[in-house]
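Here are some short exercises to work through with the model open in your viewer. Try each task before you read its solution.

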Amino acid sequence: MQKNKNLTPFYAVSFSAFILFAVVSIFVFFNFYRQAIKENAQDTIIESVNREQSHFATTIESQYEYLEGLAAYLGENENLITEESLQLVYNVAEKSSLSLIALMDEEGMAYYSNGSIRDLSEREYFQESLAGARSLSTPVVSKVDGSIRVVLSVPIISGESVIGVLGGSYDIHALGDLLFNELYDGNGQFIILTDEGSVVSQSGTKLFSLDTDSSIFTIFTDFRSVTAVSDGSTSKYSVTAWKEDLAAEETRLLTMTNATDSYYCYFEPLSVSDWMLCYIVSIDDAHASYGQFTLYETRLFQVLAAGLLILVLILVLVTFRKQKNLVHFAETDALTGINNKKTAEEYIKQWLADEACYGTQVFLMLDIDLFKHINDGYGHAVGDIVLSAVGNGLKEVFRESDIIGRLGGDEFGIFMKNATPEAAVERAEMVCQMVRSIKVDSEPTLSVSCSIGVALFPQHAKNFMDLYQKADKALYISKNSGRDQYTLYDIRTME
């Protein structure tokens with residue numbers, strides 16, 4: 001009995017040390033986890049604004065090319081201002097996303113697509129294009145209807161001489177609508193700025209009251225703390241530094257804190273004139289998608305007071321869920337929500353070696369027809385919508401037990417367990433129909449189709465790599481036979 005009594009302090013100290021270790025470990029763990037949440041949110045903002053910037057720049061570039069094509073045609077005429085030229089400008093404006101198109105002669109007299117005639121000789125964009133350059137104006141008050149617009153203008157060249165200018169304008173609000181603003185359910189504020197900090201246009205939730213032509217720097221006085229984030233570290237940031245960064249077209253991520261709220265502010269060059277794209281969002285909104293993990297932390301500390309047993313159980317639960325989420329993120333293709341290539345291949349190989357694998361197994365390889373043309377013609381944002389729709393559609397067509405994966409780019413693979421050749425053909429036809437039915441609201445003229453190659457195991461192959469190659473050969477036949485179809489591998493004709 002004495003011996004056990006002497007061990008009591010040891011157990012007490014060990015128990016206390018374990019509790020202390022557990023508390024410290026949890027605290028450290030969640031401290032690092034909060035840092036990971038912060039870094040993930042910051043990376044998400046940067047990646048999303050990069051996509052918005054690319055989409056905006058691509059749209060503006062396409063409008064320049066549109067105007068330049070029309071200007072090239074007009075430059076072939078002996079006389080610039082004719083009834084035929086004005087009617088052409090009117091017809092083009094009717095089909096263009098630009099709200100107004102104006103044909104300007106060398107003297108700056110502008111003939112608008114709505115029939116108005118105005119003298120624009122003093123406009124800076126007219127003078128720049130008359131000198132032979134593209135121009136994108138700062139917001140100007142329209143001489144036609146008094147609205148605030150930005151104007152894209154290009155020179156009209158005949159031979160080696162500039163004989164006029166062609167301009168197209170966006171209403172200032174329509175310019176902001178070129179941004180998707182889908183991040184965080186649209187709770188952020190997108191602001192297009194000049195390199196001097198003047199507001200060109202804005203969209204999304206109006207977190208800060210800014211008028212067109214007002215200065216972004218006016219919001220700086222609302223914050224008691226502004227820091228620049230770089231490689232995980234922060235440093236104080238001033239209005240002067242902000243002005244210098246905008247003038248130098250530098251990219252920067254800021255955190256801004258006032259008496260009640262904190263915000264992320266990220267800006268980068270738009271690659272259009274000297275404009276910058278600025279995105280501001282509440283840090284609470286940026287971190288909201290991770291709120292469930294903060295809830296786990298709170299509960300964990302509450303249960304800690306109830307005793308060691310509950311503490312251990314909660315630790316196991318949190319660790320399991322964290323690992324499950326990490327595994328999910330590592331295995332899933334972020335855009336489509338289905339397995340990535342590595343995971344899909346591992347699952348297929350595991351199944352082929354499983355005792356439950358019997359009879360016929362089917363592998364379908366799918367490729368979206370002319371997907372590069374979709375990206376080039378409609379933009380990568382539309383291409384991403386199509387890929388996501390295909391991923392969702394495949395989950396509807398196939399069984400939950402089947403293995404669906406994105407193999408890379410616009411290529412998908414589907415492995416049907418314990419299936420039949422008849423079922424493979426039926427599902428291949430269903431997939432073709434599903435892809436044909438994909439519609440993108442913003443691009444009603446877009447048609448989507450796919451080509452499919454189908455191979456069977458063990459009829460056509462003895463291992464996954466061989467099965468993959470046979471399906472790829474069948475896919476190649478579908479592509480070369482006119483696309484929008486499926487081909488079942490034929491060992492007699494395709495060897």
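Keep in mind that this is a predicted model.

**Exercise 1. Find the cis peptide bond: which residues does it join, and where does the proline sit?**

Start with the general expectation: most peptide bonds are trans. Now scan the omega angles, and you'll hit a value of about 10 degrees at the bond joining Phe457 and Pro458, which is cis. Next, place the proline on the secondary structure: Pro458 is in the loop between β19 (450–457) and α13 (464–480).

**Exercise 2. Take Asp185 and Arg483, two non-glycine residues with positive phi. Where does each one lie, and is it buried, partly exposed or exposed?**

Again, begin with the background: most residues other than glycine have a negative phi.

- Step one, Asp185: phi is about 55 degrees. This residue lies in the loop between α4 (172–176) and β8 (189–193). Its relative accessible area is 75%, which is over the 50% cut-off, so Asp185 counts as exposed.
- Step two, Arg483: phi is near 65 degrees. Here the loop is the one between α13 and β20 (486–488). With a relative accessible area of 35%, Arg483 is partly exposed.

**Exercise 3. How many cavities of 30 Å³ or more are there, and what lines the largest?**

First, the count: the structure holds 3 such cavities. Then the volume: the largest has about 140 Å³ of space. Now go round its wall, which is made by 17 residues; Tyr112, Leu120, Tyr125, Val151 and Ser169 lie nearest the centre. The elements giving two or more residues to this lining are β1 (100–105), β5 (140–141), β6 (148–158) and β7 (161–171). β1 provides the largest share, with 4 residues. Finally, sort the lining by class, and you get 10 nonpolar, 4 polar and 3 charged residues.

**Exercise 4. Check the length of helix α11 (residues 380–397), then work out which of its residues are buried and what they pack against.**

Length comes first. The helix has 18 residues, and at 1.5 Å a residue it should span 26 Å; the end C-alpha atoms are 26 Å apart, so the two agree.

Next, list the buried residues of α11: Val382, Gly383, Val386, Leu387, Val390, Gly391, Gly393, Leu394 and Val397. To read that pattern, recall that an α-helix has 3.6 residues a turn, so residues three or four places apart point the same way.

Last, look at the partners. The buried residues of α11 pack against β16 (360–368), α10 (371–378), β17 (403–408), β18 (411–419) and α12 (421–436).

Note on methods: Residues are numbered from 1 along each chain as its sequence is written. This is a predicted model: local features need pLDDT of at least 70, side-chain atom pairs count only at pLDDT 80 or more; totals for chains, interfaces and linings use all residues. Side-chain values use heavy atoms; hydrogens and water are left out. Buried means under 20% relative accessible area, exposed over 50%, partly exposed in between (1.4 Å probe, protein chains only). On a 1 Å grid over the protein atoms alone, a cavity is a set of points where a 1.4 Å probe fits but cannot get out, and a pocket is an open set with protein on both sides within 12 Å along at least five of seven lines; lining residues have an atom within 4 Å of a point. Grid points are joined across faces, edges and corners, and a volume is the space filled by probe spheres set on the points. Ala, Val, Leu, Ile, Met, Phe, Trp, Tyr, Cys and Pro count as nonpolar, Asp, Glu, Lys and Arg as charged, and the others, Gly among them, as polar. The expected span of a helix is 1.5 Å times one less than its number of residues. Contact means heavy atoms within 4.5 Å.
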